[in-house]
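Open the structure in your viewer and keep the selection panel at hand. This tour goes stop by stop.

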Amino acid sequence: MSALRESLGFLTSRLRQVGIFVALILIVILFQVLTDGILLQPQNVTNLVVQNSYILILAIGMVMVIIAGHIDLSVGSIAGFIGAVAGVMIVHWGWAWWLAIPACLLVGALVGAWQGYWIAYVGIPAFIVTLAGMLIFRGLTLITLKNQQITPFPNELRALGGGFLPDISGGTSVLEWLTVILGVGGTAAILFQALKERRVRRKFNLENEPMAWFAVKNGFIAVLMLIITFLLASYRGTPIVLIVLAVLVIVYSALMNNSIFGRHTYAIGGNLHAAELSGIKTKKVTFRLFVNMGVLAALAGLVFTARLNSAQPAGGTGFELDSIAAAFIGGAAVQGGIGTVAGAMIGGLIMGVLNNGMSILGLGTDYQQLIKGLVLLLAVGFDIFNKNRTGAGGGSSMGRRFKWKTTPPATEAAPAATTEPVGVDAK
Amino acid sequence: MNVPILQMRGITKTFPGVKALQDVTLDVNRGEVHAICGENGAGKSTLMKVLSGVYAHNTFDGDILFENEPCDFSSITDSEKRGIVIIHQELALSPYLSIAENIYLGNELAKNGWVDWRKTNLEAAKLLARVGLSENPVTPIQHISVGKQQLVEIAKALSKEVKLLILDEPTAALNDEDSDHLLDLILHLKGQGVTSIIISHKLNEIRKVADAVTIIRDGKSIETLRLDQGQITQERIIRGMVGRDLESLYPDRTPNIGEEVLRIEDWTVQHPQDHARTVVHNASLNVRKGEVVGLAGLMGAGRTELAMSVFGRTYGRTVSGRVYKYGEEINTSTVSDAIDHGIAYATEDRKHYGLNLIEDIKRNISMAALNKLAKRGWVDGNKETTVANHYRKSMNIKAPSVAAITGKLSGGNQQKVVLSKWMFSDPDVLILDEPTRGIDVGAKFEIYTIIAELAAAGKAVIVISSELPELLGICDRIYTLSAGHITGEVPIAEATQETLMHFMTKEKE
């Protein structure tokens with residue numbers, strides 16, 4: 001009984017994280033019903049993964065930029081530009097894929113360095129710099145391509161967009177065994193990691209999630225992983241890009257949580273002045289974030305180009321909006337300081353399922369955009385509502401100053417007067 | 001002659017847990033300049049906010065009579081309708097709008113919703129003439145100096161047909177010339193029948209303009225001194241401001257002072273925007289091992305500016321002077337340099353400059369010294385938690401765990417997190433800026449104990465504080481600052497509140 005109440009209290013305190021999860025499930029169920037089961041057919045699930053992979057790759061970099069309190073509007077144009085560069089290198093110049101891929105990532109890094117310079121060292125707001133970048137790199141894409149698409153690409157590069165891991169059973173089995181091994185292994189690893197973390201938290205006396213919630217959450221994740229594994233395995237196996245994405249998610253999650261660089265990113269977004277006064281080299285961190293964003297945008301551009309088997313003048317258009325939406329739906333805060341890579345992935349999947357489901361239903365892009373816009377608005381609106389309700393984090397000091405009447409004295413109150421919840425009466 | 005214009009009776013204002021004002025009485029006569037004096041945090045500004053309706057009439061106890069009629073103000077608009085206008089310390093002008101637009105902001109001279117620009121600029125010019133400002137009314141505010149902006153604020157007040165003008169530390173941000181001009185203007189307006197209340201700690205200013213002085217201390221009105229009764233003297237005001245009992249609120253300690261750790265020489269700092277203003281003039285000071293050195297000064301004396309400019313040039317643009325550690329000159333021109341040289345600065349404004357309020361305790365504690373927890377750029381999370389738990393215990397941070405969000409802690413506990421952060425960076429010199437601001441008595445004692453322990457552990461500690469009893473209670477030696485100059489260096493044995501206040505209000509030679 002008390003366990004139930006504890007769980008409920010916990011759920012309301014984490015309404016956001018729980019909400020996004022529930023939202024994803026509801027959307028999946030909704031479209032599964034509306035599309036008469038097409039949504040979760042093996043082939044469609046595979047499509048869903050491959051189609052959204054480049055948005056998800058961009059969302060990783062985007063959520064990091066947003067956590068630091070910036071934004072990047074140029075990633076779509078950069079992805080398009082890198083596609084064009086890859087086309088010139090591979091198709092026109094005849095470079096080998098293993099040379100062209102690192103070269104393209106390097107160009108992405110240079111593009112990021114260019115933008116990072118203006119943002120971090122000159123001090124122009126990222127919104128402006130990347131808005132300019134959006135135009136600059138779209139222009140460069142058109143110039144590079146001379147307004148014509150470049151095609152075809154060699155198979156090795158195309159594998160990055162549409163390839164699958166080899167079938168070790170030699171095509172005799174109904175299920176792709178390598179995929180099954182990877183899926184089950186991955187699920188086990190996730191569960192093991194979750195249990196380990198819980199043990200560590202207990203060891204250090206940090207409050208833990210209630211057992212019930214922990215079990216439900218991880219059980220659910222495991223089931224979801226296994227279902228996806230089964231669906232992928234019964235089609236053509238594991239898309240190569242999914243492996244790339246999985247590696248990126250693991251590496252970047254670790255980077256954001258456990259590296260000095262990641263910690264500094266959160267610190268800058270949470271309170272820039274405090275970060276500066278703690279000796280954090282805020283300009284350097286900002287610069288690196290944009291270099292990183294450039295590399296990831298280049299990778300997304302390569303994947304996209306590989307999937308289409310052509311570098312196109314309009315390639316990457318609108319990617320920035322989808323990846324920004326993914327980060328915000330995934331719980332990143334508009335003021336910075338809050339957000340996770342995992343959250344951005346879930347946000348990206350919500351957008352992806354919406355896109356895919358509505359396409360299957362035959363809804364035109366007109367309605368698709370309308371609905372996606374509303375979902376973004378609702379997700380962030382829910383965030384703000386939730387924040388105002390609990391009075392936690394974020395918000396302007398002004399807002400907090402005027403809120404003291406409605407919040408209990410334990411939180412910060414009037415400017416000069418602060419109380420100790422437990423302790424001696426003042427004067 | 002002495003016709004009361006304003007009577008405030010029994011004003012009591014409570015914030016959760018703290019009585020900011022207690023039974024305060026204020027009587028202001030028509031046509032006088034009435035100064036309100038008191039230490040920082042004594043309740044002067046709160047009283048003025050009560051008077052001007054910033055705090056609505058049902059949020060405090062007591063009565064206000066203005067021109068013999070009771071006042072029930074719910075907002076600043078209500079008080080302005082009656083002719084009470086307050087000019088805050090931070091000016092509320094829009095930098096890109098013109099002088100005239102600012103004067104009539106929210107009160108536009110309009111016909112059917114369309115602004116009458118001719119009339120606006122014409123009337124504004126008349127008001128500018130009244131305040132003695134020779135600027136074109138269409139000049140954008142950002143193009144005139146702070147001193148002139150202050151005059152625009154007064155012109156704005158005049159446009160509202162002000163009867164009682166309240167100025168909250170009007171000269172805090174002004175240079176001498178501008179200050180003189182402003183004070184002359186207040187006297188001039190007095191001649192035109194405008195009553196003024198001026199909040200200030202600059203005793204020379206008060207002597208120049210005030211007909212009466214009401215002293216506020218610890219949220220209570222102590223006394224009202226009147227010029228015509230010959231009561232306004234520096235000694236009398238100082239006694240009133242500081243005359244409180246020294247309770248034994250401070251831990252006992254026997255100082256064990258060693259060699260000199262840090263020495264600052266000829267430190268001069270210019271204001272970051274207004275280059276003509278020198279905020280710190282040729283300051284020199286030192287601090288020794290195991291010593292607690294106080295830095296006393298009234299608001300605007302340049303204490304924080306001095307500390308922040310030393311700590312990685314985080315204040316001011318052109319800074320000159322030298323910093324020595326153990327006799328060798330060191331470079332502290334970036335924060336990380338300063339930290340590497342073993343200097344720590346805990347800010348007076350922990351919410352804006354000290355903490356990441358949306359992060360948890362452990363990540364705040366590790367913020368300034370993450371590299372101590374990391375190998376090749378990767379942070380050891382378990383070690384971090386261990387460190388944070390250690391400080392939670394030793395500093396007695398009251399929180400469910402070190403994973404608690406710092407924004408939800410009380411002020412005292414937040415301050416302990418800030419101190420933990422800097423202690424973990426293992427500095428030799430700690431500069432603590434207003435370490436007990438906004439925290440209650442019990443937590444203050446804990447902070448004093450921590451400071452004593454730091455000194456006992458051989459750290460050199462500099463404490464900046466506006467509370468003189470606090471400095472007297474914890475320091476071994478106290479420097480006083482006045483208008484950017486170090487005006488005194490007093491060993492604790494010779495220090496009293498009166499001597500310190502004397503140095504703190506001393507005009508430069």
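What percentage of the 427 residues in chain A is buried? Buried residues make up 42% of that chain. Keep in mind throughout that this is a predicted model.

**Stop 1: chain A overall**

Select chain A and switch to a cartoon view. Chain A has 17 helices and 0 strands. Now think about its contacts between residues at least 6 apart in sequence: 78% of them join residues at least 24 apart.

**Stop 2: helix α7 of chain A**

Select residues 155-162 of chain A, which form helix α7. Its buried residues are A:Leu157, A:Leu160 and A:Gly161. Look down the axis of α7(A): these buried residues fall within an arc of 90°, so they line one face of the helix. What covers them? Add α4 (75-92), α5 (97-122), α10 (240-258) and α13 (282-308) of chain A, which are among the elements covering the buried residues of α7(A).

**Stop 3: helices α5 and α6 of chain A**

Keep α5(A) and add α6(A), residues 126-145. Two packed helices are described by the angle between their axes and the distance between the axes. Here the axes come within 9 Å and cross at roughly 145°. The crossing of α5(A) and α6(A) is right-handed.

Show the side chains next. From α5(A), pick A:Val111, A:Gln115, A:Trp118 and A:Ile119. They meet A:Ala126, A:Val129, A:Thr130, A:Gly133 and A:Phe137 in α6(A). By class, this contact has 6 nonpolar, 3 polar and no charged residues.

**Stop 4: the sheet of chain B**

Move to chain B. In which order do the 6 strands of its open sheet lie? Trace β6-β9-β10-β3-β11-β12, with mixed pairing. Go to the edges: β6 (84-87) and β12 (220-226) of chain B each have a single partner strand, so one side of each is left without a neighbour in the sheet. Neighbouring strands are turned by 20° against each other on average, direction ignored.

Zoom in on β3 (residues 33-37) and β11 (residues 212-217) of chain B. These two strands run parallel and are joined by 4 bridges. Select B:Cys37; opposite this residue stands B:Ile215 in β11(B).

**Stop 5: helices on the sheet**

Add helix α1 of chain B, residues 44-52. This helix packs on the sheet and touches β3, β6, β9 (164-168), β10 (195-199) and β11 of chain B. Its direction makes about 150° with that of β9(B).

Finish with helix α8 of chain B, residues 234-242. Helix α8(B) also packs on the sheet, touching β3, β11 and β12 of chain B. The direction of α8(B) makes about 25° with that of β11(B).

Terms used:
Residues are numbered from 1 along each chain as its sequence is written. Chains are lettered from A and ligands numbered from 1 in the order in which they are written. This is a predicted model: local features need pLDDT of at least 70, side-chain atom pairs count only at pLDDT 80 or more; totals for chains, interfaces and linings use all residues. Two strands pair if DSSP finds at least two bridges between them. Axes are lines fitted to C-alpha atoms, for helices over the stretch in contact, and angles run from 0 to 180 degrees between N-to-C directions. Two residues are in contact if their C-beta atoms, placed from the backbone, lie within 7 Å. A residue is buried if 20 or more other C-beta atoms lie within 10 Å of its own, exposed if 12 or fewer, and partly exposed in between; C-beta atoms are placed from the backbone. The arc is that of the directions from the helix axis to the C-beta atoms. A crossing is left-handed if the near helix is turned anticlockwise from the far one by less than a right angle, and right-handed if clockwise. Ala, Val, Leu, Ile, Met, Phe, Trp, Tyr, Cys and Pro count as nonpolar, Asp, Glu, Lys and Arg as charged, and the others, Gly among them, as polar.
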